Amino acid sequence: MLKVGILLGDDIGLEVVPEAVKVMKAAAEQTGLEIEWHPLPIGRKAHATHGNTVPPETAEALKGLHGWLMGPIGHSMYPRNDPTWVMPPFRKTFELYASIKPVRSYPNVKSLQKDVDIVFVRETTEGLARAGTVVAGMGEYRPNDEISIGMRVITRTGSNRVARTAFEIANTRRMKRVATVHKAPTFKLCCGMFAEECHKVAADFPDVTLEDVLVDTFAAKLAMDPQRFDVVVTTNLFGDIFTDLGAALVGGLGLAPGLCAGDTQAMAQATHGSAPDIAGKGIANPYAMTMSGKQLLEWLGHKHNEPKAAAAAARIEHAMERVIADAKHLTGDLGGSASTREMGDAIATAVAST
Ligand code: NAD
């Protein structure tokens, strides 16, 4: 029996995560997959009930789960310099080192680019992002009021494992191409090490083509010619930026799912934040969170040799394609007028009849 956690997060997390769970439950029922669900407190609500945005009991409970859904956290609104108001450090704590973010366009959804089908693989435990850079304190500091210093950490192990994830994914795809995005000619040691490890891993995948793309060049190519990319692997901060750009190319953040995967556990987490501007209105697009849940099922199916989980994931994917093609129950960002719940209901219904 798979054990899966439900962590709502803040703001629109309270709206989109329940829709994702509803769809996953519908899919699991259809394929006979048994899931033990574990709702766990997190974020602003957890602070109200447990005095901490990341209660120790939540962090402890996650250790015993196969995976979980994590809603967005409205971190920038949290009080500063208060250790009870923290961004959950789960990517680092649980070594969820590869953030796998598919970006795809749909023919009938208005978008800047068409025929896009890219999987971004972003390293998430190292780089410049402060949570992963040091074991205590922060990766940034200010020795005096004139100077601020940020540290970037790249390791061979960290680069190698995320590169391997990218190649494994590329090996299952039609184009079988990996673009590694870095700036090794300038950042010879950090970007250089990342690129070296990508090339080492490439040697184990003779059917996959590896291309080095400098990060600034990549920005232009991604905007103008995204169809040429298949799987893109990059370091933490570059990946953070380009996954949002990728989402923007195909219709916006509501269409950007993600899975943070490690060796033994995975966390479904959409690219978007908690969207306080639309929270509570029932208009957030549940696509990104639902497809993140679908990715989790796919990953669990593969990891635990559980064909029912893989079949449930496939059902969700087909149901989503139908709902989008029908265009009758889409949220406003996709050109429709459905509420979050109406779109979630339509996907769950389609899952049951796929
Ligand atoms: P955001 O992604 O929340 O919102 C950016 C824009 O996209 C907004 O106009 C929003 O309405 C829209 N949007 C986002 N998700 C949508 C959806 N599902 N459907 C329709 N529209 C959607 O980014 P932001 O406004 O910069 O950040 C808001 C908060 O989220 C901040 O506190 C930030 O720190 C936090 N954040 C959290 C995460 C995370 O937990 N993984 C990621 C990014 C930002």
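In this predicted model, the 37 positive and 40 negative charges of the protein have mean positions that lie 1 Å apart. The accessible surface of the protein comes to about 15600 Å², and carbon and sulfur atoms account for 55% of that area.

From the charges and the surface we can turn to the overall build. The protein has 12 helices and 12 strands. Its radius of gyration is 20 Å, close to the 20 Å that the globule rule gives for 354 residues, so the protein is as compact as a globular protein of that length. Taken along the principal axes, the box that the C-alpha atoms fill is roughly 55 × 50 × 40 Å. Of the 354 residues in the protein, 52% are buried. Among the contacts with a separation of 6 or more, 74% are accounted for by residues that stand 24 or more positions apart.

The interior can be followed through its nonpolar cores. The largest nonpolar core has 72 residues, and Leu69 and Val121 are those with the most contacts inside it. Helix H1, which covers residues 13-31, gives the most to this core, contributing nine residues. A second core, separate from it, has 19 residues and includes Ile118, Val181, Val232 and Val250.

Leu69 shows what surrounds one residue of the largest core. When residues up to four places away in sequence are not counted, Leu69 touches Val4, Gly5, Ile6 and Leu7, and also Val17, Ala20, Val21 and Met24. The list of residues that Leu69 touches is completed by Trp37, Ala268, Met289 and Gly293.

For the second core, Ile118 can serve as the example. Ile118 is found in strand S5, which spans residues 117-123, and it is buried, with a relative accessible area of 1%. With residues up to four places away in sequence set aside, Ile118 touches Lys101, Pro102, Val103, Arg173, Leu222, Pro226, Phe229, Asp230 and Val232. One of these, Val103, is 15 residues from Ile118 along the chain, and the C-alpha atoms of the two are separated by 5.2 Å.

Another pair of buried residues is Asp10 and Gly43. Asp10 is found in the loop between strand S1 (2-7) and H1, where its relative accessible area of 2% falls under the 20% limit, so Asp10 counts as buried. Gly43 has its place in helix H2, made up of residues 43-50, and is likewise buried, with a relative accessible area of 0%. Leaving aside neighbours within four places in sequence, Asp10 is in contact with Gly43, Arg44, Lys45, Pro72, Ile73, Gly74, Tyr78 and Ser274. On the same reckoning, the contacts of Gly43 are Asp10, Asn52, Thr53, Ile73 and Tyr78. Ile73 and Tyr78 therefore appear in both lists, touching Asp10 as well as Gly43.

Distances along the chain and distances in space can be set side by side for these two residues. Asp10 and Ala279 are 269 residues apart along the chain, with their C-alpha atoms separated by 8.9 Å. Gly43 and Gly332 are 289 residues apart along the chain, and the separation between their C-alpha atoms is 27 Å.

Some loop residues also deserve attention. Lys176 has a positive phi of about 50° although it is not a glycine, and its place is in the loop between helix H6 (156-171) and strand S8 (177-182). At 24% relative accessibility, Lys176 counts as partly exposed. Ala275, which is not a glycine either, has a positive phi of about 45°, and it is found in the loop between strand S12 (266-268) and helix H10 (287-303).

Lys281 also has its place in the loop between S12 and H10. At 55% relative accessibility, which is over the 50% limit, Lys281 counts as exposed. Lys281 and Pro83 are 198 residues apart along the chain, and 31 Å separates their C-alpha atoms.

Note on methods
Residues numbered from 1 in each chain as written. Predicted model: local features only at pLDDT ≥ 70, side-chain atom pairs only at ≥ 80, totals over all residues. Heavy atoms only, no water. Helix = DSSP H or I, 4+ residues; strand = E, 2+ residues; numbered from the N terminus. Rg over C-alpha atoms; globule rule 2.2 N^0.38 Å. Buried < 20%, exposed > 50% of the residue type's maximum accessible area, 1.4 Å probe, protein only. Contact = heavy atoms within 4.5 Å. Areas by Shrake-Rupley, 256 points an atom, 1.4 Å probe, with all protein chains shown as cover. Lys, Arg positive; Asp, Glu negative; His and termini not counted. Charge placed at Lys NZ, Arg CZ, Asp CG, Glu CD. Core = buried A, V, L, I, M, F, W, Y, C linked by side-chain atoms within 4.5 Å.
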